[in-house]
Structures are given as C-alpha cells and as structure tokens.
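What follows is a guided walk through one protein, taken step by step for someone who has not seen it before. Please keep the sequence and the model in view while reading.

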Amino acid sequence: MTMDTEQANNTDKPKLEQKKLCECFSEDIPKLRIPPYQRPYECRDEHVKALLADTFKAKEGGHSYLIGTIILHRVDEGAEQYLDIIDGQQRLVTLAILLHLTGGNVLPDFEFKHINSKFYILNTKRVIQEFLNGKSKEE
C-alpha cells in the first residue's frame, strides 16, 4: 500500500483541538467508544463532587471550564468510524451523566461490561442528583 506524503502527514500527526463539551457528544462526529483495554469506570464520590463544584463555579462566574486534556483515537472499522477514548474516560462519562440528568439528550452508548463500572455509574447518578437538588434549594 502506498500513501502520498500529504496523506501520511495527516494520519501521523496528532490533531489538537479545543471543543465545547456538547461538541464531544455531537452526532456530527464519530461515535465515542471506550476500548476494551481501558480500566473500568470508577469515579469516586469526592472526584464527582469536585468536578461538579468546579464546573458550576465556572458557569456561575460566566467562565469556561477547562476539563483538561482528552485524548481520542480515530478508528475506522469498515464503514463505521469511532473515537476511542484513550485518556479522559472518567471525566467524559461523569459529564455525560451530568448533561443527561440536566435535560441534555446526551448519553453516549458506552458499553460497560465490568460490574464495578455499573455500580459507579449508578453511584455517580446519585451523587449528581444530590448535588443538583442542593443547587436547586440554594436558588
């Protein structure tokens, strides 16, 4: 197989982009996927609460919140394209749950086969709901 220099340069170089969170879950990009070699989702209460507090503090102050680096790897499988989450799974999944619970139509079809992931997802939903209930009582 031969590839011209332009093609090789496009596939070999990482692409650095700054995106809004909602753009990460847009239907306009390939589907986000958690590759099988990734560790289970295990976001602990204190991490969920810290992420929520930081996110809401930035929003209330009218600022953007930088969630850090997310590394995605584009994978072509026949006619399907995916973005495998290499780094940032815990943050992306937690924020996807937050967006879903706040009325966003944003819940990627992640596959979680590990029993710990299923427990932590339910727990994260509970922690987020408690946080949101506390926020609504403040208003």
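Helices and strands are here DSSP runs, with at least four residues for a helix and at least two for a strand, and they are numbered from the N terminus. The model is a predicted one, and in it the protein has 5 helices and 3 strands. Read along the sequence, these elements follow the pattern α-α-β-α-β-β-α-α. Of the 139 residues of the protein, 31% count as buried.

A good place to begin is helix 4, which covers residues 89-101. With 13 residues at 1.5 Å a residue, helix 4 should span 18 Å, and because its end C-alpha atoms are indeed 18 Å apart, the expected and the computed values agree. Many positions of this helix are hidden from the surface: Gln89, Gln90, Leu92, Val93, Thr94, Leu95, Ala96, Ile97 and Leu98 are buried. Leu99, which also belongs to helix 4, is instead partly exposed, because its relative accessible area is 23% and the partly exposed class lies between 20% and 50%. The C-alpha atom of Leu99 is separated by 8.5 Å from that of Cys22, although their positions lie 77 residues apart along the chain. Just after helix 4, Gly103 takes a positive phi of about 100 degrees.

Further along the chain comes helix 5, made of residues 115-138, in which Leu122 is found. Is Leu122 buried or exposed? At 58% relative accessibility Leu122 counts as exposed, since the cut-off for that class is over 50%. Leu122 also offers a link back to helix 4, for its C-alpha atom is 9.8 Å from that of Ile97, while the two residues are 25 apart in sequence.

The aromatic rings come next, and a search of the whole structure finds 2 aromatic pairs. In one of them, Phe119 and Tyr120 have ring centres 5.1 Å apart and planes at 80 degrees, so the pair is edge-to-face. The two partners are not alike in their accessibility: Phe119 counts as exposed, at 52% relative accessibility, whereas Tyr120 is buried, with a relative accessible area of 12%. Another ring has a charge above it, since the charged end of Arg33 sits over the ring of Tyr82, at 4.1 Å from the ring centre.

Strand 1, which is made of residues 31-33, contains Leu32. With a relative accessible area of 5%, Leu32 is buried, because buried means under 20%. Leu32 and Arg74 are 42 residues apart in sequence, and their C-alpha atoms are 9.3 Å apart in space.

The pockets remain to be described. About 1700 Å³ of space lies in the largest pocket, and among its 37 lining residues the closest to its centre are Glu17, Gln18, Lys19, Cys24 and Ile70. Which elements give two or more residues to this lining? They are helix 1 (5-12), helix 2 (21-24), helix 3 (45-60), strand 2 (71-77) and helix 4, and the largest share, 5 residues, comes from strand 2. Sorted by class, the residues of this lining divide into 18 nonpolar, 10 polar and 9 charged.

The second largest pocket holds about 380 Å³ of space, and of the 19 residues that line it, Ile34, Pro35, Pro36, Glu111 and Phe112 are the closest to its centre. Strand 1, already met through Leu32, gives the most to the lining of the second largest pocket, with 3 residues. By class, that lining has 9 nonpolar, 4 polar and 6 charged residues.

Key: Residues are numbered from 1 along each chain as its sequence is written. This is a predicted model: local features need pLDDT of at least 70, side-chain atom pairs count only at pLDDT 80 or more; totals for chains, interfaces and linings use all residues. Side-chain values use heavy atoms; hydrogens and water are left out. The expected span of a helix is 1.5 Å times one less than its number of residues. Buried means under 20% relative accessible area, exposed over 50%, partly exposed in between (1.4 Å probe, protein chains only). Rings of Phe, Tyr and Trp (its six-membered ring) pair if their centres lie within 6.5 Å; planes under 30 degrees apart count as stacked, over 60 as edge-to-face and the rest as tilted. A charge sits over a ring if NZ of Lys or CZ of Arg is within 6 Å of the ring centre and within 35 degrees of the ring normal. On a 1 Å grid over the protein atoms alone, a cavity is a set of points where a 1.4 Å probe fits but cannot get out, and a pocket is an open set with protein on both sides within 12 Å along at least five of seven lines; lining residues have an atom within 4 Å of a point. Grid points are joined across faces, edges and corners, and a volume is the space filled by probe spheres set on the points. Ala, Val, Leu, Ile, Met, Phe, Trp, Tyr, Cys and Pro count as nonpolar, Asp, Glu, Lys and Arg as charged, and the others, Gly among them, as polar.
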